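Visitor: Could you take me through this model and justify the terms that you use for it?

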Amino acid sequence: MDKFRVLEIKQSVFENNDHQANLLREELKAKKTFLLNLMSSPGSGKTSVLTKLINELKDDLRIGVMEADIDSDVDAHTISQTGAKVIQLHTGGMCHLDADMTRQGLEGLGTENLDMVILENVGNLVCPAEFDTGASKNAMILSVPEGDDKPLKYPLMFSIVDVLLINKIDVLPYFEFDLDTCCERVRKLNPKVKIIPVSARTGEGIDEFADWLRNEVKKWNEG
């Protein structure tokens with residue numbers, strides 16, 4: 001007989017995080033601060049999309065951004081050029097943010113006089129999907145070069161998001177990416193998801209994403 005204990009901690013870790021996430025959501029709701037959790041794999045164009053988005057929204061909403069990376073401050077420097085309030089979060093090797101880490105980031109950023117905070121999560125299609133950050137809404141970006149099979153490989157990520165941006169549609173002619181097939185696969189996992197094809201390079205679709213966010217922020221404040 002083995003003389004050691006086996007302790008299953010995964011469930012309790014997630015349960016505690018879910019509790020903290022719900023508390024954070026309630027606090028943000030009371031402050032009328034909308035938090036968007038933006039996820040994707042590395043290189044999908046999160047920062048480029050955010051740059052276009054902020055320029056589209058900055059006359060209507062006061063925006064803050066939390067840039068989460070294992071290291072570097074490249075993305076925070078890029079976002080700072082838009083005039084948005086920004087903070088860089090280093091995760092110390094962690095491949096995701098949980099609710100407590102998000103809370104620390106919000107405290108460091110400061111949410112006073114902000115209508116919306118965008119968390120650019122660590123580039124990863126696995127871990128970020130497992131941890132509730134306390135966000136008002138979840139968004140993700142899938143880029144054309146990644147392939148239309150990603151919903152089959154990473155179903156959890158696609159099943160938890162409220163809006164999916166399919167980025168780099170300007171290069172569709174050069175890749176074997178079937179947009180209709182991809183959308184069909186995503187909707188089988190998540191029938192209620194909003195899908196918006198965009199191009200961070202040309203700006204196509206960014207206005208539709210901005211309109212979606214304006215509406216969601218309004219509902220958040222009125223709800």
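The conversation below sets values against definitions.

Guide: This is a predicted model, in which local features need pLDDT of at least 70 and side-chain atom pairs count only at pLDDT 80 or more, while totals for chains, interfaces and linings use all residues. Residues are numbered from 1 along each chain as its sequence is written, and side-chain values use heavy atoms, with hydrogens and water left out.

Visitor: Why is Asn138 called buried?

Guide: Buried means under 20% relative accessible area (exposed is over 50%, partly exposed lies in between, with a 1.4 Å probe and protein chains only). Asn138 has a relative accessible area of 18%, and is therefore buried. Asn138 is found in strand β5 (residues 137–143), strands being DSSP runs of E with at least two residues and helices runs of H or I with at least four, numbered from the N terminus. Leaving aside neighbours within four places in sequence, Asn138 is in contact (heavy atoms within 4.5 Å) with Asn37, Met39, Ile160, Val161, Asp162 and Val163.

Visitor: How do you know that the length of helix α2 agrees with what is expected?

Guide: The expected span is 1.5 Å times one less than the number of residues. For the 12 residues of α2 (residues 46–57) this should give 16 Å, and the end C-alpha atoms are 16 Å apart, so the two agree.

Visitor: Which residues of α2 are buried, and what puts them on the same side?

Guide: They are Lys46, Thr47, Val49, Leu50, Leu53, Ile54 and Leu57. They cover an arc of only 150° around the axis, taken from the directions from the helix axis to the C-beta atoms, which puts them on the same side of α2.

Visitor: What makes β2 and β4 a pair?

Guide: Two strands pair if DSSP finds at least two bridges between them. β2 (residues 63–69) and β4 (residues 116–120) have 5 bridges in the parallel sense, so the definition is met. Within this pairing, Met116 in β4 is the bridge partner of Ile63. β2 also pairs in the parallel sense with β3 (residues 85–90), over 6 bridges.

Visitor: What makes a set of residues a nonpolar core?

Guide: A nonpolar core is a set of buried Ala, Val, Leu, Ile, Met, Phe, Trp, Tyr and Cys residues joined through side-chain atoms within 4.5 Å. The largest has 43 residues, and those with the most contacts inside it are Met116, Phe209 and Leu213. Helix α9 (residues 206–222) gives the most to this core, with 7 residues.
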